[in-house]
Amino acid sequence: MTVLLVAAKAPVPGAVKTRLCPPASPLQAARIAAAALRDTLDAVRGTPGVTPVLACAGRLTDAQDAAGLVTALRGWTVLAQRGSGLGDRLANAYAEVAAAFPGRPVLQIGMDTPQLTPAGLGAAVLRLAGADAVLGAAIDGGWWALGLREPRDAALLRTVPMSTPRTGWLTWSALEERGLHPVPLPLLRDVDEWPDALAVAAEAPSGRFARQVGTVRRAMVSGSPG
């Protein structure tokens with residue numbers, strides 16, 4: 001059974017989605033992040049035949065929608081992220097999952113693609129079943145998903161520069177240099193800046209994320225705090 005690992009930050013104002021500010025306020029950005037995380041958790045929960053794990057930076061008890069998030073995580077394994085940079089934290093999360101669930105492949109996603117569906121995640125899990133690795137590129141040059149048959153291979157992320165327009169390409173190259181044969185997943189847009197939020201909300205209009213983006217848009221028009 002594949003482990004579906006979600007790497008996320010607790011949606012605390014000023015700590016998440018800061019590139020949405022402006023036009024959003026830090027509180028609005030955190031509420032949008034909380035909605036994105038809830039949609040992501042729902043998609044994972046709806047994906048059959050996977051073991052859900054969350055690796056979280058920060059304290060969920062301090063987050064927006066803390067009660068809803070805690071409820072949504074019932075039955076999940078929850079780990080604290082450890083490490084100095086994103087690549088280090090991801091590698092450590094993979095290593096902890098490998099120790100807790102030996103012999104299982106791991107598909108890792110973030111909280112920036114709330115348009116994900118159980119069908120899309122299920123297809124990615126299926127693709128990983130026949131590959132050393134899978135990588136889902138993001139429109140901004142990064143990646144939204146990395147799957148590894150052997151999760152300890154994620155050690156390569158420690159040397160890959162993160163959050164750059166070349167991160168996806170550099171990750172693919174690092175996989176090949178490790179002797180793996182990655183298979184691509186569909187290209188997706190992740191939510192970094194306000195235009196991304198609008199585009200993703202339009203792509204998945206029925207989710208919490210879209211509703212929260214709509215709430216913030218209306219607050220901007222009316223001049224209320226939202």
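These legends walk through several views of one protein chain, taken from a predicted model.

**View 1. The whole chain, with its helices and strands.**
Here you get the full fold: the protein chain has seven helices and seven strands. Trace the sequence and the elements come in the order β-α-β-α-β-α-β-α-β-β-α-β-α-α. Among contacts between residues at least 6 apart in sequence, 70% join residues at least 24 apart.

**View 2. The overall dimensions of the chain.**
Put a box around the C-alpha atoms along the principal axes, and you need roughly 55 × 35 × 35 Å. The radius of gyration is 17 Å, which agrees with the value near 17 Å that a compact globule of 226 residues would have.

**View 3. The surface and its charges.**
About 10,000 Å² of the protein chain is exposed, and carbon and sulfur atoms supply 56% of that area. On the charge side, there are 22 positive and 18 negative charges, and their mean positions sit 6 Å apart. As for the inside, buried residues account for 52% of the 226 in the chain.

**View 4. The largest nonpolar core.**
In soluble globular proteins, nonpolar side chains tend to be buried together. The largest nonpolar core in this model has 34 residues, and the members touching the most others are Val 6, Leu 54, Leu 107 and Ile 109. Elements giving two or more residues to this core include strand 1 (2-9), strand 2 (50-57), strand 4 (106-109) and helix 4 (118-129). Helix 1 chips in the most, with six residues. Apart from this core lies another one of 25 residues, including Ala 7, Leu 148, Leu 157 and Ala 174.

**View 5. Zooming in on Leu 107.**
Which residues does Leu 107 contact, once its neighbours within four places in sequence are left aside? From the start of the chain come Thr 2, Val 3, Leu 4 and Leu 5. The list also takes in Leu 121, Ala 124, Val 125, Leu 128 and Val 134, and it finishes with Ala 145, Leu 146 and Gly 147. Leu 107 is also one of the residues that touch the most other members of the largest core.

**View 6. Gly 75, out in a loop.**
Look for Gly 75 in the loop between helix 2 and strand 3 (77-80). Is Gly 75 buried or exposed? Its relative accessibility is 79%, and the cut-off for exposed is over 50%, so Gly 75 counts as exposed. For a sense of scale, Gly 75 and Arg 158 are 30 Å apart, C-alpha to C-alpha, with their places 83 residues apart in sequence numbering.

How values were computed: Residues are numbered from 1 along each chain as its sequence is written. This is a predicted model: local features need pLDDT of at least 70, side-chain atom pairs count only at pLDDT 80 or more; totals for chains, interfaces and linings use all residues. Side-chain values use heavy atoms; hydrogens and water are left out. Helices (H or I, at least four residues) and strands (E, at least two) are DSSP runs, numbered from the N terminus. The radius of gyration is taken over C-alpha atoms; the globule rule is 2.2 Å times the number of residues to the power 0.38. Buried means under 20% relative accessible area, exposed over 50%, partly exposed in between (1.4 Å probe, protein chains only). Contact means heavy atoms within 4.5 Å. Accessible areas come from the Shrake-Rupley method with a 1.4 Å probe; for residues, only the protein chains shown count as cover. Lys and Arg count as positive and Asp and Glu as negative; His and the chain ends are not counted. The place of a charge is taken as NZ of Lys, CZ of Arg, CG of Asp or CD of Glu. A nonpolar core is a set of buried Ala, Val, Leu, Ile, Met, Phe, Trp, Tyr and Cys residues joined through side-chain atoms within 4.5 Å.
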